[in-house]
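Here is a walk through one protein chain, taken contact by contact. Keep the sequence and the structure side by side as you read.

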Amino acid sequence: MICLRDLKTLWDRAAVFLKNKYVVIGICGLAILLLLLPWGSGKTEKESVLTQTPDEFDLEACEERLEDILSEIKGVRKARVFLSVESGKETVYAVDVDETVSEDRTVVKRETVISGGEGVRVKVLQPRFSGAVIVYSGAESASLRLNLTSAVSSATGLSSDKITVLCGG
């Protein structure tokens, strides 16, 4: 016969198991949530796949690489690409600032820091793409245009409203 004491012990063990079960389920759920979170560098702007080293930026080479990539998409026989940029490459140099304050005015003197006969580079800002026009020959379909837009967006960091895709002859 099962006595009341045995039933209580069995009930206590079941309660401990259920508590542990919920802890395990909770930990698994938390792990799944952590895996689903986007991981990255924390940068808000998209980086371009076409970005090259600071001294090597060549717009025509970027267009040619993109043409080659887009021509590999199923349904595209040939693609032509035109990319526009906001401005050219910009180099930022180290500057020495000397401020002189007198009674009636303040004079600020800025000089580029020179080392080895050249200015000391702090950073080089690459040109940013501002728009793209894609003209392709091949099948004319909405899904193909979407694929082309998506590929150009991924490669350049442009949003889809800055990309025009046209089917040519």
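Start with Arg 80 and Glu 67. Their side chains form a salt bridge, with the closest N and O atoms 3.9 Å apart. The pair ties together distant parts of the chain: Arg 80 sits in strand S1 (residues 76–85), Glu 67 in helix H2, and 13 residues separate them. This is a predicted model, so the contact is a computed one. The two partners differ in their surroundings. Arg 80 has a relative accessibility of 53%, so it counts as exposed, the cut-off being over 50%. Glu 67 has a relative accessible area of 18% and is therefore buried, since the limit is under 20%.

How many salt bridges does the rule give in total? The count comes to 3. A second one joins Lys 109 and Glu 111, N to O, at 3.3 Å. Lys 109 counts as partly exposed because its relative accessibility is 45%. Glu 111 is partly exposed too, at 42%. The remaining bridge pairs Glu 140 with Arg 145, and here the N to O distance is 3.2 Å. Glu 140 is exposed, with a relative accessible area of 60%. Arg 145 is partly exposed, at 28%.

Now return to helix H2, which covers residues 59–71. Glu 64 belongs to this helix. On the surface, Glu 64 gathers with Asp 58, Glu 60, Asp 68 and Glu 72 in a patch of negative charge. Is Glu 64 buried or exposed, or does it fall in between? Its relative accessible area is 49%, so Glu 64 is partly exposed, between the 20% and 50% limits. That value also fits the patch, because patch residues need over 30% relative accessible area.

A patch of another kind involves helix H1. Leu 30, Ile 32, Leu 33, Leu 34, Leu 36 and Leu 37 form a nonpolar patch on the surface. Together these residues have about 620 Å² of accessible area. Leu 30 lies in helix H1, which spans residues 4–36. With a relative accessible area of 52%, Leu 30 passes the 50% cut-off and therefore counts as exposed.

Next, follow the chain to helix H3 (142–156). Thr 156 is found in this helix. Which backbone atoms does the side chain of Thr 156 reach? One is the backbone oxygen of Val 152, at 2.7 Å. Another is the backbone nitrogen of Leu 158, at 3.2 Å. Thr 156 has a relative accessible area of 6%, so this residue is buried.

Beyond helix H3 comes the loop that leads to strand S9 (163–167), and Asp 161 lies in that loop. The side chain of Asp 161 makes a polar contact of 2.3 Å with the side chain of Ser 159. The C-alpha atoms of Asp 161 and Thr 149 are separated by 9.3 Å, with the two residues 12 apart along the chain. Asp 161 is exposed because its relative accessible area, 63%, is over 50%. Thr 156, by contrast, is buried at 6%.

Finally, step back to the whole protein. The chain holds 3 helices and 9 strands. From the N terminus, the elements run α-α-β-β-β-β-β-β-β-β-α-β. Read against that order, helices H1 and H2 are the opening α-α, and strand S1 follows. Helix H3 is the later α, and strand S9 is the closing β. The protein has 169 residues, of which 20% count as buried. Glu 67 and Thr 156 are among the buried residues, at 18% and 6%.

Key:
Residues are numbered from 1 along each chain as its sequence is written. This is a predicted model: local features need pLDDT of at least 70, side-chain atom pairs count only at pLDDT 80 or more; totals for chains, interfaces and linings use all residues. Side-chain values use heavy atoms; hydrogens and water are left out. Patches are made of residues with over 30% relative accessible area and no salt bridge: like charges are joined within 9 Å, nonpolar side chains (Val, Leu, Ile, Met, Phe, Trp, Tyr) within 5 Å. Accessible areas come from the Shrake-Rupley method with a 1.4 Å probe; for residues, only the protein chains shown count as cover. A salt bridge is a side-chain nitrogen of Lys or Arg within 4 Å of a carboxyl oxygen of Asp or Glu. Lys and Arg count as positive and Asp and Glu as negative; His and the chain ends are not counted. The place of a charge is taken as NZ of Lys, CZ of Arg, CG of Asp or CD of Glu. Helices (H or I, at least four residues) and strands (E, at least two) are DSSP runs, numbered from the N terminus. Buried means under 20% relative accessible area, exposed over 50%, partly exposed in between (1.4 Å probe, protein chains only). A polar contact is a pair of N or O atoms within 3.5 Å; within protein, one must be able to donate a hydrogen and the other to accept it, and residues adjacent in sequence count only if both atoms are side-chain atoms.
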